[in-house]
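I wanted a quick look around this one before reading anything else about it. These are my notes, in the order I looked things up.

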Amino acid sequence: MLRVMSESMKAIRVERLGPPDVMELQDVPAPTPGPGEVRIEVEAVGINFADVLSVAGEYLTRTRVPYTPGMEFAGIVESLGEGVTGVQVGQRVAALGGSGALARYSVVNAAGLIPVPENLSGAQAAAFPVSYFTAYHGLKTLGRGVEGEWVLVQAAAGALGTASIQLAKAMGMHVIALASTYEKLALARDLGADVTILQDDPDRVQKVRDAAGGKGVPLILEVVGGKRFQESLDMAAPQGRIIVIGNASREQANLRPVELMKRNLTVTGLWLTSLMNDRAATMQAAQALAGLVGSGKVTPQVGSTYALADSARAFQDLLDRKTTGKVIIEPAR
């Protein structure tokens with residue numbers, strides 16, 4: 001039996017762009033699903049660095065204010081808009097809505113829903129879509145990783161890093177993990193990383209090259225950018241592939257094409273939002289991931305959890321690198 005839709009709900013609103021403290025908890029009208037849409041009672045919201053950049057006005061697409069942040073979430077389908085089929089009220093789903101998830105309820109297009117394996121909790125389901133689809137595409141779709149090959153995972157204890165380690169090991173690859181503390185390196189080892197190195201180790205470039213056999217790493221998942229991007233070039237093996245997924249440094253990186261020519265390197269950008277438009281690649285990734293998650297070979301790593309009222313602190317903790325795994329906000333708390 002459906003509960004009566006409340007007239008208002010709690011949501012995070014951003015009226016002006018800036019640091020996390022611009023986010024405010026407000027009472028706003030609860031959304032109603034239109035044709036082709038579903039309304040979801042939000043259980044958990046997965047917070048990505050992209051959310052931080054969006055609030056700051058530094059993301060790949062323009063942020064229009066006022067708005068409610070939160071692009072990735074999981075919850076229970078509460079009501080269906082006209083014409084929606086294939087979705088059941090009461091079903092747990094995950095969704096990539098672009099924004100609007102940091103609220104008690106969210107409305108999304110039914111076509112964008114992601115089925116959730118039954119063995120995942122709400123928090124695990126919210127930790128799944130962005131990190132694991134991105135990791136899969138970085139390792140396989142664009143990275144063309146193969147069994148027995150070495151891969152370098154930066155920021156290895158974060159949401160994308162933990163997903164990348166698990167998927168790489170499930171694919172039979174060897175993993176070198178970089179992270180900022182010994183505690184984070186321990187987490188990377190627990191997830192299967194073969195070699196762990198502090199990201200600020202003064203000899204990190206040589207240690208990475210040595211770990212991969214002395215010639216460098218064939219595949220690098222690059223998320224730091226800035227001055228560290230040159231290090232990724234230096235650590236790459238001849239004919240190596242560097243998949244650029246993020247720019248955590250928020251600094252400009254310089255690239256001289258001649259460096260790619262000398263060692264036949266490939267640099268490829270990865271933005272999940274546009275890649276999801278490739279239905280064939282998305283379906284292939286979804287099928288592979290469903291099998292791995294359903295079998296228990298891959299488990300989304302839930303990190304710190306926060307109440308909706310503490311969203312600004314969650315964003316700041318992520319920005320300050322105080323977190324591991326996926327940062328989760330739970331609107332019902």
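Which residues line the second largest cavity? I found Val153, Gln154, Leu160, Gly161, Ser164, Leu221, Val223 and Ile245 around it. A reminder to myself: this is a predicted model, so everything below is computed from it.

**Second largest cavity, continued.** I looked up its volume and got about 40 Å³. Helix H4, residues 159–170, gives the most to this lining, with three residues. I also sorted the lining by class: five residues are nonpolar, three are polar and none is charged.

**Largest cavity.** I then asked how many cavities of 30 Å³ or more the structure holds, and the count is two. The largest cavity has a volume of about 60 Å³. Its lining is made up of Gln154, Ala155, Leu178, Gln199, Val224, Arg228, Glu231 and Met235. Gln154 caught my eye here, since I had already written it down for the second largest cavity and it turns up in the lining of the largest cavity too. Helix H7 (residues 228–235) is the top contributor to the largest cavity, giving three residues. By class I noted four nonpolar, two polar and two charged residues in that lining.

**Second largest pocket.** Next I went to a pocket. The second largest one holds about 160 Å³ of space. I listed its lining as Met9, Ala11, Arg13, Val28, Pro31, Thr68, Ser99, Gly100, Ala103, Tyr105, Ser106 and Val107. Strand S1 (8–14) and strand S6 (105–109) are the elements that give two or more residues each to it. The class split is seven nonpolar, four polar and one charged.

**Gly57.** I picked one residue to follow up. Where does Gly57 sit? I found Gly57 in the loop that runs between helix H1 (49–56) and strand S4 (72–80). Is Gly57 buried, exposed or partly exposed? Its relative accessible area is 40%, so Gly57 counts as partly exposed, the class between under 20% and over 50%. Setting aside neighbours within four places in sequence, I noted that Gly57 contacts Leu17 and Thr63. I also checked Gly57 against Pro19: they are 38 residues apart in sequence, and their C-alpha atoms are 9.4 Å apart in space.

**Record check.** Last, I looked at UniProt, where an unreviewed entry places the feature "domain: Enoyl reductase (ER)" at residues 18–329. Over that stretch I noted 32% helix and 27% strand. The C-alpha atoms at the two ends of residues 18–329 are 20 Å apart.

Definitions and conventions
Residues are numbered from 1 along each chain as its sequence is written. This is a predicted model: local features need pLDDT of at least 70, side-chain atom pairs count only at pLDDT 80 or more; totals for chains, interfaces and linings use all residues. Side-chain values use heavy atoms; hydrogens and water are left out. Helices (H or I, at least four residues) and strands (E, at least two) are DSSP runs, numbered from the N terminus. Buried means under 20% relative accessible area, exposed over 50%, partly exposed in between (1.4 Å probe, protein chains only). Contact means heavy atoms within 4.5 Å. On a 1 Å grid over the protein atoms alone, a cavity is a set of points where a 1.4 Å probe fits but cannot get out, and a pocket is an open set with protein on both sides within 12 Å along at least five of seven lines; lining residues have an atom within 4 Å of a point. Grid points are joined across faces, edges and corners, and a volume is the space filled by probe spheres set on the points. Ala, Val, Leu, Ile, Met, Phe, Trp, Tyr, Cys and Pro count as nonpolar, Asp, Glu, Lys and Arg as charged, and the others, Gly among them, as polar. UniProt positions are given in the numbering used here, feature names are shortened, and annotations may be inferred rather than shown by experiment.
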